[in-house]
Amino acid sequence: MEQKNRDFDNSKLTNAQKYNQDFENLSIDIIKLLFQGIPVEIRKTNYTKDGGYDAVVELIDQAYSKKIYFECKLRSKNLNLRDIAANLIIAFNEGAISLVILTNVDYTEQAGENLNSFCQKTILNIKVLTGNETKQLAENNHISIPTGLAAILQNKKTIGRQTYNVLRLDFTQTNLYKQIIGENLFNSTGEQPFIIKTFYNLFCSLKHHVKRGHFIILRSPVGTGKTSLIQALTNDNNYHLIHIIADSYISPSQFLLDILFDIWGIPYSSIVQEFTDDNIEAICKVVKEHIVKNETAQITSNIIRYILGKETSQYITDENFNFFICSYLLNIISYHPEIKYLFHIEHIEYAAQEVQALLSYLCRIAQRNSICCIIEEDEEEYQVQASSPCISLLEQLERIPHYTIEIPFLEESQALDFISTKLPEIPLYIHKLIYKQAGDRLLTLSAVISYAKEIYTQTNSFQKMCKAINSFPQCELPACIEMILDKFYYRNRKIFEYMYLCNFEIPEDFVGLLFTSTEDLEDIEALCHLGFFNADNTITTTNLIVTSIIKRQVSSRVFSLRRNANKLINLLGESLIERYPEIKLNLLYYTDNLEKAIEILKKQIIYAKKYRHYTELIKCSERLINYDVNLNTPDKLQLLSDILEVKIIKKEINTIEAKKYMQCYKDNISQLPFEDQANFKKRYDYFFGKAVFKNGDYKQSLELTEQYYKYIEENSTSSEDEWLARLCVIYALSSKELYGNNLALENFNKIIRVFPHSYSVCKEYQSHIGCMNFFHNPQKSIECFQNIIFESKKLGNTLLEIPFHEYVDLAMSAVCAKKYEEADSYCTEALKIIESNGILGELGRLYNIKGCLSLCKQNYTQAKEFFGQAVAYLDVNHYPLYAWRAYLNYASILALPQFDGDSLPILNKAYHIFKTIYTNKLQMILNNAKFYYSREYFAILLFMKVYRANGQNKDDFIISDLNLNDLKECIMKNLVEAEQDSPYYESSYSTQGHIFMIA
């Protein structure tokens, strides 16, 4: 019976299963043959089902080890991409230089295309030994093959298929192993292009900085050759270019997925859908093997799974998300020291804020690891360029050690030289006419030259050529671009309408399906050559001017867009479109399938809330309001409420945009029946109160929220009304700023009794207790902020803000407790989190605390550096409540004899802000016995001390200006003691005779 069962089971096996072990043994013999006489180590690996590898060959080449992976594939059909995708990534991730696939068949056309593309983008050398080749190699070298296996070692030919020589071994050559080890890198193109000849010194400077892994800002007006210069550099040298069009992503996951696959060298759309859980586990294996902490490795693995769209995780909205994923990217890059990586980033100032934060951090850590990043920055000349949602990102990036290279306009001789290279047979007077009309930019020159050349080809008339050139507006970039684009638009509308429907980024796997005619391909190539389009895998526009012109051309042509949207759906198929939700929404909208679009938007909003994709949440909410004509007022108010919550989280509640949303919210409340307005009015008052409070108008925020606080005083039963709780918190915080900590504590005690389960109340209450204890019991402060961070982790995936502020407070508390080693550790952790998330205000506040810590350690030079950085970041963030403290500290350190800096301008600035914010509060708290231990009192002493150090005695002025005449005697006595390093001032706010503003 047992024998019968075994026979039955064997009959069910495929040929691949029957002969798998025989094929692996044969493969090992082939590998030994290929590396015969070469000092290598050959290891056969254990069986895995994850897309790993079956054997590894390792050889030592000078400074580092080289590994070659071999994978055996027995199949009944030719290999497709699904069969080998994970092998490619795993081999790359683990630092292999080559991957050899031994198979009994061949590869499909699609697999060959993608493998060929991979070879062009990465160092990984890929070779495929087909069945016939393996069989021939074995027979020629007298290696025996089992009979059954020999029968299935044959190619499954595809008639008419393209052969990709880069994937093949050339058996006419000796030393086949050299072909396996050989590197597939870009080669120099030979003759230097015009851009190098013209800007040779700039090119050499750029090359110098790139070679040393510097961070570079390449700045110039649009159309002067920034991208051309970078392309010339990569063509002239062996660089792996990671090209990032930053404003094409609305979420971090989209951006990270593209970066990962750009590093791996594989097109996203062709692969990610095919990965199994085993494949992803193998891809993540490199994380687990190189990260010591198991928990950290697991979090990073979960993030990668999430990015690949295979598994969501509670960890992905963690404050360490950016740090973990950027570290992973740097890790896999570092496993290939033989590759010279170059990040080329465009449109960063127009990207979603979450993407900006990631990119900013990526630039920082790349610079620290000597990996070159080049940021292209267009100087603002036209209104369309001023639409950036983030005014401070480039200023933030300029805080990273960097080199700025500016490309000038062409001189007349250079422009004429460029024209003559493009139109050598055309008379000089026409060259000069082109220069007169096109001006001194490469972009406009290329456009006019192209147009003039076409006219001459059609008419063979210099006169008509001149007439065409004269039709261009003289030296006007947008008008010139528009003329050329109009010509292309009326000749081939579908290219432009497809671009519009695809949000100006046509994915790589759309291109071959949408553009099949010679005319299409020639027009796209011409638009790329002119500098209007990029065709680096995806097809995109090169700048905002081109994008805005195409929008104007296309957006009003609703009927034509509807027709082309239907064409897109028919050509691409639903399964392919499904991978691109933003494009799908456009297509549904223009085909009047609004119900489906609304359904998708609602799902996207839930997803964006869950994973804190704030930019995506705002965009989808706005879209849903526009799409859903039947949206009722309460649902519309909920969407506006979500948008305003995001504005608060992003510290943008005082912006003009936020004020427009608030007005819209208010207008919609008025459309509700009176009895339904109260709850929404409460929310509106919260948003408006938050804006007023952040603007420093504490009196108005107190008056606005007083009615809500009085309500809970009179109705003190437990409540779950979160909006009411938040309004009461604003009241308590306003009372703190106006009347001091004790009254605020009384208010908080009443609030927390009514809202014991509100995270917002508990967080602010703990924060207030922490602040009150900075001076007398900073250890208590440490515990309070640790509690807030701990409780925040219980929230899971939610729209609520991650406690970035409290990580900085924790470091501050440790400094106040004079636990300097602990403070160092908290500062390091806070810096990692704040920096990787791009929270500018907190970064400035943290550097202020690091400066105070250095001051306590008597490292004055470092303190000066940190206070300087704090001032720079807080200047960018425009947050006066924190900024005055850093200004005062910086003025104080500059006034020390060893620095002798001019600190009066920043000292005056600090005093002006201090007076504006605290004049009223001082009158409320100066009679309290604890006033002499307050931050405000120490600040007054420090202002006087620093003015004296600058040769200006402003003691009487400050006392009079702040209405402190009754305290003059005590203030003057304490000021003398402070200058004499009195033991009384060895407090949380002073050390070694130095007073500092930390709280």
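Below is a short chat about strands, helices and salt bridges in a predicted model.

Q: Before we start, what kind of model is it, and how are residues numbered?
A: It's a predicted model, where local features need pLDDT of at least 70, side-chain atom pairs count only at pLDDT 80 or more, and totals for chains, interfaces and linings use all residues. Residues are numbered from 1 along each chain as its sequence is written, and side-chain values use heavy atoms, with hydrogens and water left out.

Q: Ok, strand 8: buried or exposed?
A: Strand 8 spans residues 340-346, and 6 of its 7 residues are buried, so the rest of the structure largely encloses it. Buried means under 20% relative accessible area, exposed is over 50%, and partly exposed is in between (1.4 Å probe, protein chains only). Strands here are DSSP runs of E with at least two residues, helices are runs of H or I with at least four residues, and both are numbered from the N terminus.

Q: Which strands pair with strand 8?
A: Strand 7 (residues 239-245) pairs with strand 8 in the parallel sense over 7 bridges. Strand 9 (residues 372-378) also pairs with strand 8 in the parallel sense, over 4 bridges. Pairing needs at least two DSSP bridges between the two strands.

Q: And what does Phe-343 sit across from in strand 9?
A: Cys-373 stands opposite Phe-343 there. Phe-343 is also the bridge partner of Ile-242.

Q: How does the chain get from strand 8 to strand 9?
A: The chain goes through helix 16 (residues 353-368), making a right-handed β-α-β crossover. Right-handed means that, with the strands pointing away from the viewer, the path from the first strand over the helix to the second runs clockwise.

Q: Switching to charges, how many salt bridges are there?
A: The structure holds 39. The criterion is a side-chain nitrogen of Lys or Arg within 4 Å of a carboxyl oxygen of Asp or Glu.

Q: Which residue does Glu-377 pair with?
A: Arg-219, at 3.1 Å from N to O. Glu-377 lies in strand 9 and Arg-219 in strand 6 (residues 215-220), so the salt bridge ties together parts 158 residues apart in sequence.

Q: Are those two buried or exposed?
A: Glu-377 counts as buried at 13% relative accessibility, and Arg-219 is buried with a relative accessible area of 14%.

Q: What does Asp-642 bind to in a salt bridge?
A: Lys-609, with the closest N and O atoms 3.0 Å apart. Asp-642 is in helix 32 (residues 633-649) and Lys-609 in helix 30 (residues 594-610), 33 residues apart. Asp-642 is buried at 3% relative accessibility, while Lys-609 counts as partly exposed at 25%.

Q: Which residues make up a salt-bridge network?
A: Glu-454, Lys-487, Arg-491 and Asp-523 are linked in one.

Q: New topic: what's the strand order in the open sheet with strand 13?
A: The order is 11-13-12, with antiparallel pairing among the 3 strands. Strand 11 (505-506) and strand 12 (533-536) are at the edges with a single partner strand each, so one side of each has no neighbour in the sheet. Strand 12 joins strand 13 (residues 538-541) through 4 bridges, and Phe-533 has Thr-541 as its bridge partner in strand 13.

Q: Last one, helix 46: how many of its residues are buried?
A: 13 of its 15 residues are buried, so to speak mostly covered. Gly-951 follows helix 46, with a positive phi near 80°.
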